[in-house]
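The following paragraphs are intended to be read beside the coordinates. They take up a single charged side chain, then salt bridges, and then the surfaces that face the nucleic acid.

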There are 2 protein chains.
Amino acid sequence: MAVSKKEEFSVENIWLADIAKSLSHPARVEILKILSSANVCMCGDIVDLLPLSQATVSQHLKELKRVGLIRGEIEGPKVCYCLSEKTISKAKKEFENLFKNVCKC
Amino acid sequence: MAVSKKEEFSVENIWLADIAKSLSHPARVEILKILSSANVCMCGDIVDLLPLSQATVSQHLKELKRVGLIRGEIEGPKVCYCLSEKTISKAKKEFENLFKNVCKC
DNA sequence: TTAATCAATCGTATATTTACGATAGACGAT
DNA sequence: ATCGTCTATCGTAAATATACGATTGATTAA
């Protein structure tokens with residue numbers, strides 16, 4: 001049991017659920033907010049701003065990269081992370097659509 | 001190990017991550033879409049529309065209720081589920097805010 | 001070359017999620 | 001009262017997620 005049935009849903013719903021999953025930990029929400037507002041993008045700086053170990057932060061960054069919400073570019077010995085505009089705007093649109101209507105019952 | 005550190009983040013980020021978690025399964029995204037678009041709200045009808053057992057659907061409905069995205073009202077022997085306008089609109093606002101800016105690097 | 005720094009990955013322990021059969025409880029109809 | 005219907009919950013197995021120390025690999029500086 002516990003064989004996943006996620007693949008039996010539509011690609012749109014699978015995609016949106018996957019984006020939601022990548023946002024389902026406060027550390028990852030925080031990382032997105034850091035990248036969108038602060039002048040911070042270096043991996044090490046992000047680690048310093050979170051109450052988590054380097055290994056754990058790296059794992060969270062990997063999850064955000066997996067779904068394409070962020071990209072990482074190597075800059076010498078460091079890595080600079082950026083929000084990926086394309087995925088962000090698609091996510092924005094899809095969430096807007098999800099929350100568009102409220103039912104009439 | 002694996003002691004959760006979620007509580008060390010801000011209440012706003014914890015809240016948004018929790019909403020995202022409740023949307024992190026395609027069945028739950030689908031349930032929201034069913035409730036917002038179709039003339040369907042009875043629990044049994046939702047079960048019929050999903051490729052999951054009654055027990056599993058009930059569990060997914062419980063998760064959506066937990067975060068307040070839906071409410072369930074008993075109607076005789078059945079239960080009618082509705083989107084909860086208040087939570088939906090707060091979620092909408094918070095996601096909009098999260099996706100507002102794209103960084104400048 | 002050697003040393004230092006930075007970030008990804010490995011290994012691993014624990015916690016949580018997902019899925020469903022079985023059961024229980026609530027209600028309406030007979 | 002009994003039966004059938006509907007939904008929540010229990011119990012449980014398997015899969016995933018979370019967290020971190022230790023290690024690896026890559027790059028810069030000396």
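A:Glu94 is placed in helix H5 of chain A, the helix that covers residues 85–98. The model is a predicted one, and in it A:Glu94 is buried without a salt bridge. The nearest side chain of opposite charge is that of B:Lys33, at a distance of 5.0 Å. Because a salt bridge requires a side-chain nitrogen of Lys or Arg within 4 Å of a carboxyl oxygen of Asp or Glu, the separation of 5.0 Å leaves A:Glu94 without such a pairing. Leaving aside residues up to four places away in sequence, A:Glu94 touches A:Trp15 and A:Leu16.

Other charged residues do pair. Side chains of opposite charge can pair when their charged atoms come close. Over all chains, the structure holds 8 salt bridges. One of them joins A:Lys21 to A:Glu63, with 3.6 Å between the closest N and O atoms. A:Lys21 belongs to helix H1 of chain A (residues 11–22) and A:Glu63 to helix H4 of chain A, so this pair ties together parts that lie 42 residues apart in sequence. How accessible are the two partners? A:Lys21 counts as partly exposed, at 28% relative accessibility, whereas A:Glu63 is buried, its relative accessible area being 15%. The pair also belongs to a wider arrangement: A:Asp18, A:Lys21, A:Glu63 and A:Arg66 are linked in a network of salt bridges.

In chain B, attention turns to B:Arg66. B:Arg66 forms a salt bridge with B:Asp18, in which the closest N and O atoms are 2.9 Å apart. Here B:Arg66 lies in helix H4 of chain B and B:Asp18 in helix H1 of chain B (residues 11–22), so the bridge ties together parts separated by 48 residues in sequence. B:Arg66 is partly exposed, with a relative accessible area of 44%, and B:Asp18 is partly exposed as well, with 24%. B:Arg66 also forms a salt bridge with B:Glu63, the closest N and O atoms again being 2.9 Å apart. This second bridge stays inside helix H4 of chain B, where B:Arg66 and B:Glu63 are 3 residues apart and thus separated by about one helical turn. B:Glu63 is buried, at a relative accessible area of 14%.

The text now moves to the nucleic acid. Which residues come closest to DNA strand C? Of the 29 residues that surround DNA strand C, the closest are A:Lys5, A:Gln54, A:Tyr81, B:Lys21 and B:His25. Among the atoms of DNA strand C within 4 Å of the protein, 68% belong to sugar or phosphate, and the rest belong to bases. A contact to a base is made by A:Gln54, where an N or O atom of the side chain is 2.8 Å from a base nitrogen of DNA strand C. Contacts to the phosphates include that of A:Ser58, which has a side-chain N or O atom 2.9 Å from a phosphate oxygen of DNA strand C. A polar backbone atom of A:Cys43 is 3.5 Å from a phosphate oxygen of DNA strand C. The elements that supply two or more residues to this surface are helix H3 (43–49), helix H4 (54–66) and strand S2 (78–83) of chain A, together with helix H4 (54–66) of chain B. H4(A) gives the most, with 5 residues. By type, the residues of the surface near DNA strand C comprise 13 nonpolar, 10 polar and 6 charged.

DNA strand D is surrounded by 28 residues, and the closest are A:Lys21, A:His25, B:Ala2, B:Lys5 and B:Tyr81. Sugar and phosphate make up 68% of the atoms of DNA strand D that come within 4 Å of the protein. The side chain of B:Lys5 places an N or O atom 2.5 Å from a phosphate oxygen of DNA strand D. Backbone atoms take part too: a backbone N or O atom of B:Gly44 is 2.9 Å from a phosphate oxygen of DNA strand D, and one of B:Val79 is 3.4 Å from a phosphate oxygen of DNA strand D. Two or more residues of this surface come from each of H4 of chain A and helix H3 (43–49), H4 and strand S2 (78–83) of chain B. The residues near DNA strand D divide into 12 nonpolar, 10 polar and 6 charged.

Definitions and conventions:
Residues numbered from 1 in each chain as written. Chains lettered and ligands numbered in written order. Predicted model: local features only at pLDDT ≥ 70, side-chain atom pairs only at ≥ 80, totals over all residues. Heavy atoms only, no water. Near = heavy atom within 4 Å. Polar contact = N/O pair within 3.5 Å; in protein donor to acceptor, adjacent residues only side chain to side chain. Helix = DSSP H or I, 4+ residues; strand = E, 2+ residues; numbered from the N terminus. Nonpolar A, V, L, I, M, F, W, Y, C, P; charged D, E, K, R; others polar. Buried < 20%, exposed > 50% of the residue type's maximum accessible area, 1.4 Å probe, protein only. Lys, Arg positive; Asp, Glu negative; His and termini not counted. Contact = heavy atoms within 4.5 Å.
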